[in-house]
Amino acid sequence: MKKLIELNVNSEIYEVAIDPHRSLLEVLRETIGLTGSKEGCGLGACGACTVLIDGDPALACLTLADRCVGHEILTIEGLAKPDALHPIQKAAVKFGAIQCGYCTPGWIMSSYSLLARNPKPTRDDIVRGIAGNLCRCTGYVKIIEAIDEAAKEMSASG
Amino acid sequence: MSTRQRDDWWTVGKRLPLIDGPTKARGGAEYAGDLSLPRLLWGKILRSPHPHARLVHVDASRARRLPGVKAVITGKDIPRVIYGIVPKAADEYALAVDKVLYVGDEVAAVAAIDEERAEEALDKIEVEYEQLPAVFDPEDARAPGAPLIHQVPNNISFQVRKEFGDVINGFGQAEHVRQDRFVTQAQAHCPLEPHAVVASFDSASSRLTVWSAKQIPFFLRKILAKTLQLPEAKVRVIKPHLGGGFGGKVDMFSLDFCAAELSRRTGRPVKIVYTREESLTTTRHRHPMVVEVKTGVKRDGTLLAQHYRVVADGGAYNSTAPVMLSLAAFFVMLPYRVPNLLLEGYHIYTNKPAGGPMRGHGVPQMRFAFESQMDMIAEDLGLDPVEIRLINAIKEGEEHPAKLTIRTCGFSESIGKAARALSWQEQRKRNVKNRGVGLGCSGFFCGVNNLRHLGSGAVVKIEEDGAVTLLTGAADVGQGSNTVLAQIAAEELGVYLDDVRLTAADTELTPLDPGTFGSGVTFRAGNAVRLAAKSAKKKILEQAAAELEASPDDLLFREGRIFVKGSPERGLTLGEAVKVCRYAGKPTPIIGRGFYHPPAKEAYTLLTELGDISAAYSFSTQGAEVEVEPETGMVKVLKLVSVHDGGTLINPLLVEGQLDGSMVMGMGQALGETFIWERGQALNPNLLDYRMATSMDIPTLDVVDMDIYDSEGPFGAKEVGEGTTVGIAPAIANAIYHATGVRITQLPITREGFLKSLEKKEV
């Protein structure tokens, strides 16, 4: 039996009819059509599906969509303005922190949340902030550099 | 190549970000699993729970009756054609016909209106198995009386023998000989994107379109056509964004054939996305190997002769077996001068998932063995590991004993630089307890040239809007080849990178390219793109010269314009030049075509003949600094060093990315990545229990510059994507020996295993 729910995703309200056991990741990707959040493992081990719920990072593959009613969901698609990337996204491109791009949305969301809580992170804070996001391409070094750069730019521009 | 010419380069050699970086950063890049089409069905595959069994009976009738299920296929419902990425090694069916050969072997596939119904349908398929004796260890598999997995004697599916010089005489002259045995494990590729495909068969036109997460679109087209008995001209393969490959998406898998066949039967598009468990246990991994190496040297450390005996655990299928063994043979011939060498390699079937190509492809196992033994020999002779490597390092222009052409070689330089980056002399002298440094070295190739069909094409179009369209068959797997190829076109034509529009890896629109493997993309496709751009330029040049009343030799292509050297005001935009051509009655758009194929010898003849396997070779040295915690057996890698002669770096930013990733993948091979198998069943088929490095595990990664120009490579470029993976594990093992005196001969180095070795040494 499908259930009609309202989800607030990237400040837009989506009215969706879902089976109540559907994960947030499935509903985002298949029902709403926002495929930026990725499935890498399906059991919360890789972080590719990381989104923010009320500002906190959450693994969308382990979160029931039905439990997100009344909460604010932010996905990778909600970060950039139409004409400008978010500073983290900009730094990710500039510093070569992206290769295949599949883990990118996940770690960008993790670091977005980190910088909201901790605008001047140490290198160690950054390392811990993305410890739940696996990347096989980059060896993480350029990701860490990019987040550090974004933090500085965001602090400087207030 | 003078520095001045390099200084003139416009986009080549620049640290430019990926051209698709912003799309990826926004989450807008579409991977195969992101694609959707109207009336899309979900496919799922039923797999064997037994390592070796006869299929007595498969009954899919209950599954077929389930509401929402649109098609079910078994081995009887799909053309009975054997396939394989290497034709002479073909031994797989899309779905099992008589027998299943490992836990996970494919038995049936379903297409249903959603994923859940497809899964439910799998439960309704009744399979009667007759279990057969299974064999899991290659030595057991070779023993007399072992169950035969395919009908080949002793389960030896391939053997290679490569010999040059006079090995017996070489050992006869040796003043010191040692023989050692090294064992390596299975390592998973673990790209973050699991294998995925969408297939759409149009019944009206009998055309099949496949969007597949694949490194080799043109091979997939050919093999899909053959296996499903369709004309190749009716099959189109498109590679969407690919979420990493590392060799794991070179091979064909059941999902490709099943999605296509299910779509053909239903007339609806079908998507199959492997779960992480399927990606880990039913695709490929790095071959576990046992490498026995006997080496004879002079007292001064000069290598005289080597004899390798290599046994690879192939798992249930061949995959690239003959290629893998050949590469294992070729890359013990680099980077040192070994005048007399014999390699005997065996690929053995076992009832486990199949091994296959993975970054380094057969080579990291070999180099772990010999780079470790090199340090052991050095110690025997009282030599420094740096010294013995320099004594034996092959040099530029030197005649190679197996007649490889060493046109450029920064190997000795790389050894010296790696040693400096590790403060070698001080560290070795200081001898701090439980701290150590070690080296590992590698030579690699720039695309295999021993197969006639491994050439790359490219088309460059210049249109009246002044933009350049580049068509390349090369498959960007996330390493950034689209960016590098666009840079090459932009350089040759003097346009801004942003003005190059690129369409890649679509078998219907783009010219032939073998795909992404063997570290040949930049070299092969890059040369093709450069030739195509030159050809387009030539077509425009004469008309532009007439229009500008100048000699063609005096014209310069730069900033999207063609102008007279020294008088930039006398010029045309590229778009204006195209118009000039049209008004002069020349056909437009201007189209340049390029095709690059390195000098070729036929496949496998190189095992019996001397000669080149590649048009150029890369050389590199890797270094490691480690700290060992003797109470727990924990090895902490403090620093990894990569000094890689990759020729000209077309894009240093992307090269660093390749080297960083290679170092960390090599560290994973050394320090813990492995499958735990029990009777052929993986006990750790997920990313919690199969542990790859996280951000918390990363040491300092030190990429040291090299500056080499290879005249055969595009703008002097060579390989950078694989070679650096190769020497990391031995560098770490050698550093551990320096730190503790414990010699590692088996990978991975687990804490419990290493702790036991440490305790044994204390006693």
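This report walks through a predicted model with chains A and B, from the build of chain A to the core and one helix of chain B.

**Chain A**

Let's start with chain A, whose secondary structure comes to 5 helices and 5 strands. Reading from the N terminus, you meet the elements in the order β-β-α-β-β-β-α-α-α-α. Its radius of gyration is 16 Å, close to the 15 Å that the globule rule gives for 158 residues, so chain A is as compact as a globular protein of that length. Here are some further values for this chain.

| Property of chain A | Value |
|---|---|
| Box filled by the C-alpha atoms, along the principal axes | roughly 50 × 30 × 25 Å |
| Buried share of the 158 residues | 56% |
| Share joining residues at least 24 apart, among contacts between residues at least 6 apart in sequence | 58% |

**Where the two chains touch**

Now look at the place where the chains meet: 44 residues of chain B are in contact with 40 residues of chain A. On the chain B side, α2 (21–25) and α18 (652–670) each supply at least two residues. Helix α18(B) gives the most to this side, with 8 residues. By type, the residues of chain B that touch chain A divide into 21 nonpolar, 15 polar and 8 charged.

**The nonpolar core**

In soluble globular proteins, nonpolar side chains tend to be buried together. In this model, the largest nonpolar core has 307 residues, and Ala489(B) and Ile732(B) have the most contacts inside it. Helix α16 (residues 521–548) of chain B provides the largest share of this core, 12 residues. You can explore the surroundings of Ala489(B) yourself: leaving aside its neighbours within four places in sequence, Ala489(B) is in contact with Val460(B), Val468(B), Leu470(B), Val500(B), Val529(B) and Ala533(B).

**A helix with a buried side**

Finally, turn to helix α13 of chain B, which spans residues 411–421. Which residues of this helix are buried? They are Phe411(B), Ser414(B), Ile415(B), Ala418(B), Ala419(B) and Ala421(B). These residues cover an arc of only 160 degrees around the axis, which puts them on the same side of α13(B). What covers them includes the helices α12 (385–392) and α14 (424–430) of chain B. The cover also includes the strands β16 (435–445), β24 (617–629), β25 (634–645) and β28 (700–704) of chain B. Just after α13(B), Ser423(B) takes a positive phi of about 45 degrees.

Notes
Residues are numbered from 1 along each chain as its sequence is written. Chains are lettered from A and ligands numbered from 1 in the order in which they are written. This is a predicted model: local features need pLDDT of at least 70, side-chain atom pairs count only at pLDDT 80 or more; totals for chains, interfaces and linings use all residues. A residue is buried if 20 or more other C-beta atoms lie within 10 Å of its own, exposed if 12 or fewer, and partly exposed in between; C-beta atoms are placed from the backbone. Helices (H or I, at least four residues) and strands (E, at least two) are DSSP runs, numbered from the N terminus. The arc is that of the directions from the helix axis to the C-beta atoms. Two residues are in contact if their C-beta atoms, placed from the backbone, lie within 7 Å. Ala, Val, Leu, Ile, Met, Phe, Trp, Tyr, Cys and Pro count as nonpolar, Asp, Glu, Lys and Arg as charged, and the others, Gly among them, as polar. A nonpolar core is a set of buried Ala, Val, Leu, Ile, Met, Phe, Trp, Tyr and Cys residues joined through C-beta atoms within 7 Å. The radius of gyration is taken over C-alpha atoms; the globule rule is 2.2 Å times the number of residues to the power 0.38.
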